[in-house]
Amino acid sequence: MSLLHSEDAVFEAMLEGWARQQCGGRRLQLKTIEDRRRVVERFAEFANAYPWQWTAGQQPVSDPCGILT
């Protein structure tokens, strides 16, 4: 059996696993987890690519001062 949109399913499962890790392992607030998830979803929409397809020039960096870039 093959999924019609297997990459969508993988992306969703990846986000769900990441959310569970943040909730259980790091005990973050649900709002924080939802906000972070939405950032990744919005960036995937903007890049028109899944995270595993992003190149170094596309990956979001949490570096507001630009030290790492």
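This report walks through the fold, the aromatic pairs and the nonpolar core of a predicted model.

## Overall fold

Let's start with the chain as a whole. The protein chain contains two helices and zero strands. Helix α1 covers residues 6–25 and helix α2 covers residues 30–47. Of the 69 residues in the chain, 23% are buried.

Contacts between distant parts of the sequence also deserve a look. Among contacts in the protein chain with a separation of 6 or more, 38% link residues 24 or more positions apart. On the outside, the chain exposes about 5600 Å², and carbon and sulfur atoms supply 56% of that area.

## Aromatic pairs

A pair of aromatic rings is described by how far apart the centres are and by the angle of the planes. This structure holds four such pairs. One of them joins Phe11 and Tyr50: the ring centres are 5.8 Å apart and the planes meet at 70 degrees, so the pair is edge-to-face, given that angles over 60 degrees count as edge-to-face. Phe11 sits in helix α1 while Tyr50 sits in the segment after α2, so this pair ties together parts that are 39 residues apart in sequence. Phe11 and Tyr50 are both buried.

Phe43 and Trp54 make another edge-to-face pair, with 4.7 Å from centre to centre and 85 degrees between the planes. Here the partners are Phe43 from helix α2 and Trp54 from the segment after α2, so the pair ties together parts that are eleven residues apart in sequence. Phe43 has a relative accessible area of 17% and Trp54 has one of 14%. Buried means under 20%, so that term applies to Phe43 and to Trp54.

There is also a grouping beyond single pairs: Phe11, Tyr50 and Trp52 form one aromatic cluster.

## The nonpolar core

In soluble globular proteins, nonpolar side chains tend to be buried together. In this model, the largest nonpolar core has nine residues. The aromatic members are Phe11, Phe43, Tyr50 and Trp54, and they are joined by Leu15, Val40, Ala44, Ala47 and Ala49.

Which helix gives the largest share of this core? That is α2, with four residues. Helices α1 and α2 each supply at least two residues of the core.

The two aromatic pairs described above fit into this picture. Phe11 and Tyr50, an edge-to-face pair, are both in the core. Phe43 and Trp54, also edge-to-face, belong to the core as well.

Conventions. Residues numbered from 1 in each chain as written. Predicted model: local features only at pLDDT ≥ 70, side-chain atom pairs only at ≥ 80, totals over all residues. Heavy atoms only, no water. Phe/Tyr/Trp six-rings, centres within 6.5 Å; stacked < 30°, edge-to-face > 60°. Buried < 20%, exposed > 50% of the residue type's maximum accessible area, 1.4 Å probe, protein only. Core = buried A, V, L, I, M, F, W, Y, C linked by side-chain atoms within 4.5 Å. Contact = heavy atoms within 4.5 Å. Areas by Shrake-Rupley, 256 points an atom, 1.4 Å probe, with all protein chains shown as cover.
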